[in-house]
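Welcome! Take a look at the model below, then work through the two exercises that follow.

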Amino acid sequence: MRKRVKEIEEIKELENNAEELQYRVDEEYGEEDESSEETEEDKWEGVRRELEKVAKEQAERRKTAQLMFDLGQKAYGGMYGRVTEFLEGVLTIIPRPTLFGGEIQIWLAMANEANNRHADCIDLYKQLERKHPSISIQRQAAELRYILQAPKLKISQEEMVTIPLIGSSC
């Protein structure tokens, strides 16, 4: 009889421990009700809607960035200060480590050089060579930096080739 009473007490203690553990789990993860399937589907639907919303926002930001990038490229024909503004604006939208981000930075470095900001240009090329994840961006930055840092040839007037204008009497 004592053995049976002891077994019953142990079972009650186990039941109490199980209830306490279930209570802790419910507190930590939120209470599950009988319609947990429906709740789970609702959760997934909410996640899907949120992802769609984020995707639309990113698509619009990408479109804006592409427009600003195109404007920067067009301004490269002589309005180098504007190019820098546009491209720096694009880099607030597009992450730098992406392929598009690297292309933008290459154009920004070229605009810096055109604005007589030679040191900024070289620094950006070096940074792209070291840190950008795209090998093609690293290589392009290295080649452009090499060209900029190549020694300048000194040619005298006698060594220069002159091309006479058509119709002139030379």
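**Exercise 1.** Find Phe69 and decide whether this residue is buried or exposed, then work out how its ring pairs with others.

*Solution.*

Step 1. Phe69 has 3% relative accessibility, so this residue counts as buried (under 20% relative accessible area; exposed is over 50%, partly exposed in between, with a 1.4 Å probe and protein chains only).

A word on the source: this is a predicted model, where local features need pLDDT of at least 70, side-chain atom pairs count only at pLDDT 80 or more, and totals for chains, interfaces and linings use all residues. Residues are numbered from 1 along each chain as its sequence is written, and side-chain values use heavy atoms, leaving out hydrogens and water.

Step 2. The structure holds 4 aromatic pairs (ring centres of Phe, Tyr or Trp, its six-membered ring, within 6.5 Å; planes under 30 degrees apart are stacked, over 60 edge-to-face, the rest tilted). The Phe69 and Phe100 rings are edge-to-face because their planes stand at 85 degrees, with centres 5.2 Å apart.

Step 3. Phe69 lies in helix H2 (residues 36-75) and Phe100 in helix H4 (residues 99-114), so their pair ties together parts 31 residues apart in sequence. Helices are DSSP runs (H or I, at least four residues), numbered from the N terminus.

Step 4. Phe69 also pairs edge-to-face with Trp107, at 6.3 Å centre to centre and 90 degrees between the planes.

**Exercise 2.** Which residues form one aromatic cluster?

*Solution.*

Step 1. Begin with Phe69, Phe100 and Trp107, which are among the members.

Step 2. Add Tyr76 and Tyr80 to complete the cluster.

Technical notes: Helix = DSSP H or I, 4+ residues; strand = E, 2+ residues; numbered from the N terminus.
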